[in-house]
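Here is a quick tour of a few local details in one structure. Have the sequence and the coordinates open as you read.

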Amino acid sequence: MLPADGPFSGPVGRLAATVERLRREVRAAQAEADGRALIELAKGILVERLGCGPAQAARQLAELTEQARLTPLEFAVEVINEASRDRLSEVTAAFLAGTAGRTEATEPPGGDSSAVRLRAAESGALAAPDAQAVAESLMEHALRPLGAEAVAIWALGGDGSLSLAGSAGFSVGEAERWRYVPPGVATVARRGLGDRSEHWIGSLSETGLPSIGRHQHPDGGRAAVPAGTGGRIHGVLEIVWPAPLEAQPPQIVRQVEALAELCAHTLETTAPPHPDGDGRPGVLPDVTELTDLADGLHDPALVLVPHLDSTGELVDFRIHHVNNRFLDPSGRPRGVVNGSLLLEAYPMAADESELFEQIERVYATGEPFRARRVRLTTLVDDVPLAAVADINISRHGGCVLLIWRMEDETARLASLLQHAQRLGRIGGFEEHLLTGEIAWNVQLYGLYGRPPTSGPIPLEELPAHAHPDDAVAIGRFLRTVLHHRRPASVAFRLQRPDGVTRHIRVVAEPELDSDGRLFVVRGAYQDISAHHWTEVALAATRDQLAHSEQQASERNRLALQLQHAIMPPAQGPLDAPGLEVAVRYRPAETQHLVGGDWYDAVVLPSRLVLLCVGDVAGHGIDAATSMVVLRNALRGLAVTGAGPAQLLTWLNMVTHHLTGGVTATAVCGLYDPERHTLRWARAGHLPPVLVRGTEATPLPLVKGLLLGAVPEATYEEHQVQLAVDDTLLMYTDGLIERRDRPVEESLAQLLAAARTVRPTLEQQLDRLLTYSRSDTDDDTCIVGARVIQHG
């Protein structure tokens, strides 16, 4: 532990200070050496361009540097960029263009410009003996000024593995643990081999991927950029930032890509020679063994070699060799295809199925690719010809082996036909009448329930294998085909040797020779047993449905007759003193919806007038008969002189004891002509509406349970005093009920229509029916009572 009085006190502190001083001196010496290398390179360029000696070039460089007001190192880099016009000069120019007019703060800390840093990194990388030295040089000159903490250079193996070729900023133990990553293991570095959008990672913790230094900087940003040249990826450059990384400007992204290209050159020149090659960097391996391998395959194969442009970029692949099993989709001979460029021979490969992109990726990464049923297209005389093939692509050294297995269209169609025959239970036959030769397929033997070794059955012997009742139909079929020589078909019952009877349809077509003689009959048998029994079941269902429809129609007719007999749509005026009564009944438009709505208006022996409406739940004859029972029961109970509440109590008991669990609603009122009063009660029904002058209001919603719900129920009774010209309206819900509106809104519309008083009560009820907005197609009853001047 260091003494407390200072970080460099004591023997250990002084030793640490010495080590740190020496380290700074080494870094400064290295930077000075790299700078001198760049200045000497610039001098060499001036010697070549000016045709002068080294001393004169040195003086010229000093004068130009003073005129440009730059440091010697910065001006040397300008000269190198102008002369080279390479990737680094392009990146430097783009960066300077993007930062023009900005403050000095736009440059990352470090003192030197991006151009100097990149050229210094390049100088250090070219002079470095291995990837480890390259990593240290990149870290010192280019990455530390960008805020990076560590860097790793990964070498991509032919099997897809990753090896740590060099690193800086990581501990020795961490680098040892990540010395080798097997193929298929997902890491940040392997992610760099994917799409360009995945090369930059804002925070390592967001990905959940393992990576070197993840314990040191778990939330830091990462960049994993592929290092490749000439279309081939040699490894990955992985950069580590200590904190989460925001989106970087394009200039920084291009700088990092340029650094990755430097790493690619190092990995290419320092990688061990391939077993198939001669060990020289950049030279393709001997393809003799790969050509022999292709010739030994049973599938068509092409040996492809990369085709680079003048800048060293991969633009195409040349077809170096095709084996003797090669079959061009358009039928061109092998000599035409061999030696040509891939995109010239198959230009559509760049657009469809991403075939060319897959070949590029296999060449770049070494990871093989396999796919089934890939579409291959060639152009012959500007006409596209297509074929389907299974594809296998693999890299061998610096070459690519492309194997495709063309799909045999004839075999595929034959397989599809056989599959369709099996699913459709179809068997085909061909019978030569002159030679007696008969051919059956396997499916036909299966339909007959016979083994293939038993031999086929001639058409003339068909009656012997059919049900005797089908002999006439089969005879007519054979005469049409064999005698009249016309196509025909017949359905019959086949009796198989195993005792199973199947319903079969046979179709036959005769073929004539040039002399008009019948020499062959071709056709097919199909098992239609399932179809036959389906038709039988459908016929029985249709008969049953017709019977049910007839019964339903008869029940609806009886219910309608019963309803019209008891509840005529219109009724003559009621002879009641001081009261004008009118009723309207509108049956449902659909006859099968005959309902249980009812009304009644009668003068009782006590001279009181009984006014009531009701609605039995449901439709059909059960609802109609229940309606008749309740209507007649209420009329009989009213003769006792009981009030409306008592009448509904008794009617509830009647309803509860009806069979079928009947429920109903009702409004019952007794009008006293002498006193102009109305006593009324309700059982789950909407209250009556009182129209007085230009106002229409519903009567109070007194308590009352619907009829039939419980054995015993009590009902609340209410009395209202009426005046001359008052109109009382009782109705069923068929007048106002809607599927899409609440009942309160429909009731408000009824009250608005009722306020318009017509000259006669009949006209007022007709108006209510006409302007009703109900959409349930239910029965509707309306009872209207208007108080008139008595005597």
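What follows is a look at a run of strands, two unusual backbone spots and a pair of helices in a predicted model.

## Strands 14, 15 and 16

Let's begin with strand 14, which covers residues 488–495. Its partner is strand 15 (residues 501–512); the two run antiparallel and are joined by eight bridges. If you want a point to look at in this pairing, take Phe492, which sits opposite Ile504 in strand 15. The pair makes a hairpin, with five residues between the strands, and the turn holds Gly499, whose phi is positive at about 85 degrees.

Strand 15 also pairs with strand 16 (residues 518–527), again in an antiparallel way, and here the bridges number nine. A handy marker for this side is Arg505, standing opposite Gln526 in strand 16. Strand 15 and strand 16 make a hairpin too, with five residues between them. In that turn you'll find Gly516, with a positive phi of about 85 degrees.

## Positive phi outside glycine

Most residues other than glycine have a negative phi. Two spots in this model go the other way, and neither is a glycine.

One of them is Arg485, with phi near 55 degrees. Arg485 belongs to the loop that links helix 17 (471–483) to strand 14. Is Arg485 exposed or only partly exposed? Its relative accessibility is 39%, so Arg485 counts as partly exposed.

The other is Asp725, where phi is near 75 degrees. Look for Asp725 in the loop between strand 24 (717–721) and strand 25 (727–731). Asp725 has a relative accessible area of 55%, so this residue is classed as exposed, the cut-off for that being over 50%.

## Helices 21 and 22

Further along the chain, what angle do helix 21 and helix 22 make where they pack? For helix 21 (residues 743–754) against helix 22 (residues 761–770), the angle is about 145 degrees, and the axes lie 10 Å apart. Their crossing is right-handed.

Now zoom in on the side of each helix that faces the other. Helix 21 brings Leu750, Ala753 and Ala754 to the contact, and these meet Gln764, Arg767 and Leu768 of helix 22. Sorted by type, the contact residues come out as four nonpolar, one polar and one charged. The charged one is Arg767 and the polar one is Gln764, so the nonpolar set is made up of the leucines and alanines.

Technical notes. Residues are numbered from 1 along each chain as its sequence is written. This is a predicted model: local features need pLDDT of at least 70, side-chain atom pairs count only at pLDDT 80 or more; totals for chains, interfaces and linings use all residues. Side-chain values use heavy atoms; hydrogens and water are left out. Axes are lines fitted to C-alpha atoms, for helices over the stretch in contact, and angles run from 0 to 180 degrees between N-to-C directions. Helices (H or I, at least four residues) and strands (E, at least two) are DSSP runs, numbered from the N terminus. A crossing is left-handed if the near helix is turned anticlockwise from the far one by less than a right angle, and right-handed if clockwise. Contact means heavy atoms within 4.5 Å. Buried means under 20% relative accessible area, exposed over 50%, partly exposed in between (1.4 Å probe, protein chains only). Two strands pair if DSSP finds at least two bridges between them.
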